[in-house]
Amino acid sequence: MEIKRDHHPYKESDIYGGDIVLILGFFDGVHKGHQEVIKTGIQIAKERGLKSAVMTFNRHPAFVYRSFDPDKHMYLTPLDRKEQLMEQLGVDILYEVDFTSSFGSLTPQQFVDDYIVGWHAKVIVAGFDYTYGKAHEANMDTLSVYAKGRFEIVTVKQKSLDDEKISSTRIRRYISEGRMAEANELLGYIYEISGFVIHGDARGRDLGYPTANVYPHPYVMVPKRGVYAVKMWVNGQWHDGMASIGYNPTFGHRPNYSIEVHIFDFSEQIYGEDVRIKWVHYLRDEIKFNSAEDLIVRLEQDELESKECLASIKHDDII
Ligand SMILES: Cc1cc2nc3c(=O)[nH]c(=O)nc-3n(C[C@H](O)[C@H](O)[C@H](O)COP(=O)(O)O)c2cc1C
Ligand SMILES: Nc1ncnc2c1ncn2[C@@H]1O[C@H](COP(=O)(O)OP(=O)(O)OP(=O)(O)O)[C@@H](O)[C@H]1O
């Protein structure tokens with residue numbers, strides 16, 4: 001997959017010169033609804049012998065159009081993860097346009113002329129509720145007015161689960177409630193966040209459960225506080241483990257929450273390593289125990305429960 005970064009106004013040398021099928025959306029999460037849209041575009045491109053291209057943005061349009069709301073707009077998939085997922089789906093070209101006020105204030109007609117026609121799109125593919133512009137000035141119905149017959153428009157119908165649209169917003173809600181089974185079902189893969197390993201208080205090893213403290217990507221959506229069965233990628237390999245997101249109340253409540261992962265049967269030094277954590281299953285809330293011994297008894301139980309639910313994970317689920 002080729003990645004092209006564009007800043008408005010783009011240069012001709014920054015775009016692909018041939019004809020394309022252009023797939024439109026922000027696609028945070030690249031969830032099953034998004035996958036349907038993207039696969040439709042790829043299929044049409046294959047049938048017509050064209051390249052499939054996705055137009056996404058370096059950051060959420062809400063930063064430009066509205067005041068930023070961290071609860072709504074923390075990412076499920078920062079750009080590097082989005083790139084990975086797009087590549088796995090088989091997209092030929094990923095356009096990452098800088099979403100700035102100059103780009104965001106284009107009229108629908110300018111957007112269509114400069115970015116759809118200008119990028120040689122022969123077919124546009126987007127979901128039923130795709131809109132363009134600050135006040136959603138253009139949608140899949142009005143796009144044909146601006147198209148003036150210069151390209152075809154394919155609208156993908158709503159993909160739902162349990163009579164509710166699969167959406168990034170719905171998935172964010174589940175993750176903030178620790179409902180990982182539902183979130184992972186809608187995503188079509190196990191939710192992950194990336195970060196790197198920093199020092200903690202070095203107490204974990206005394207408990208018999210050393211933990212990697214993870215500093216997360218700054219714009220990523222961190223799941224609800226609590227204890228989880230996880231997979232962690234480090235040094236090129238996935239490992240089974242259990243994680244805590246919380247304030248360690250047993251030892252006098254930290255000022256900020258920490259993300260800690262205990263990898264089973266693992267004793268390497270990994271400070272500074274980049275990691276990925278897959279949130280497989282929510283086990284329980286964080287508890288203020290009366291003693292370190294009580295916490296250890298509970299950690300032993302958490303380990304058994306984690307191993308049990310991780311045993312059923314297939315390799316394909318963790319990519
Ligand atoms: C799976 C898991 C579950 C945990 N559950 C709790 C908990 O319920 N209450 C608590 O105070 N700390 C909990 N902890 C955090 C421990 O208190 C923490 O790992 C320990 O204090 C070491 O911290 P350090 O890495 O900063 O040294 C948990 C840690 C793990 C890995
Ligand atoms: N469930 C779905 N079924 C079909 N198309 C969808 C679905 N969800 C999103 N799309 C389409 O995918 C593209 C990207 O949509 P967008 O990034 O707004 O995702 P979203 O999940 O609807 O996000 P949000 O929850 O923030 O509204 C758009 O073309 C949109 O219409």
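Helices, in the usage adopted here, are DSSP runs of H or I with at least four residues, numbered from the N terminus. The structure is a predicted model.

**Exercise 1. Determine which element gives the most to the shell around ligand 2, and characterise that shell.**

*Solution.*
Step 1. Helix 1 makes the greatest contribution to the shell around ligand 2, with three residues.
Step 2. At least two residues each are supplied by helix 1 (32-48), strand 5 and helix 8 (168-176).
Step 3. There are 21 residues around ligand 2, and those that come nearest are His31, Gly127, Asp129, Lys165 and Thr169.
Step 4. By class, the shell around ligand 2 comprises eight nonpolar, nine polar and four charged residues.

**Exercise 2. Identify the polar contacts of ligand 2 with Phe26, Ser168 and Thr169, and state how much of the ligand is covered.**

*Solution.*
Step 1. The cut-off for a polar contact is a pair of N or O atoms within 3.5 Å.
Step 2. From an oxygen atom of ligand 2, a side-chain N or O atom of Thr169 is 2.5 Å away.
Step 3. Backbone N or O atoms also take part: that of Ser168 lies 2.8 Å from an oxygen atom of ligand 2, and that of Phe26 lies 3.4 Å from one.
Step 4. Of the 600 Å² of accessible area that ligand 2 has on its own, the protein covers 85%.
Step 5. Ligand 2 takes up the space of the largest pocket.

**Exercise 3. Describe the surroundings of ligand 1 in terms of residues, contacts and elements.**

*Solution.*
Step 1. Among the 24 residues around ligand 1, Arg203, Thr250, Arg254, Glu260 and Ile287 come nearest.
Step 2. The shell around ligand 1 consists of 11 nonpolar, seven polar and six charged residues.
Step 3. Oxygen atoms of ligand 1 have a side-chain N or O atom of Thr211 at 2.8 Å, a backbone N or O atom of Pro249 at 3.2 Å and a polar side-chain atom of Asn248 at 3.4 Å.
Step 4. The protein covers 99% of the 610 Å² of accessible area that ligand 1 has on its own.
Step 5. The space of ligand 1 is the second largest pocket. Helix 10 (204-207), strand 14 (237-246) and helix 11 (292-310) give two or more residues to the shell, and strand 14 has the largest share, three residues.

**Exercise 4. Classify the aromatic pair formed by Tyr95 and Trp119.**

*Solution.*
Step 1. The whole structure contains 17 aromatic pairs.
Step 2. For Tyr95 and Trp119, the ring centres are 3.8 Å apart and the planes are at 25 degrees, so the pair is stacked.
Step 3. Tyr95 belongs to strand 4 (residues 93-97) and Trp119 to the loop between helix 6 (108-117) and strand 5 (121-127); the pair, 24 residues apart, links distant parts of the chain.

Conventions. Residues are numbered from 1 along each chain as its sequence is written. Chains are lettered from A and ligands numbered from 1 in the order in which they are written. This is a predicted model: local features need pLDDT of at least 70, side-chain atom pairs count only at pLDDT 80 or more; totals for chains, interfaces and linings use all residues. Side-chain values use heavy atoms; hydrogens and water are left out. A residue is near a molecule or strand if one of its heavy atoms lies within 4 Å of it. A polar contact is a pair of N or O atoms within 3.5 Å; within protein, one must be able to donate a hydrogen and the other to accept it, and residues adjacent in sequence count only if both atoms are side-chain atoms. Accessible areas come from the Shrake-Rupley method with a 1.4 Å probe; for residues, only the protein chains shown count as cover. On a 1 Å grid over the protein atoms alone, a cavity is a set of points where a 1.4 Å probe fits but cannot get out, and a pocket is an open set with protein on both sides within 12 Å along at least five of seven lines; lining residues have an atom within 4 Å of a point. A molecule sits in a cavity or pocket if more than half of its atoms lie within 2 Å of its grid points. Ala, Val, Leu, Ile, Met, Phe, Trp, Tyr, Cys and Pro count as nonpolar, Asp, Glu, Lys and Arg as charged, and the others, Gly among them, as polar. Rings of Phe, Tyr and Trp (its six-membered ring) pair if their centres lie within 6.5 Å; planes under 30 degrees apart count as stacked, over 60 as edge-to-face and the rest as tilted.
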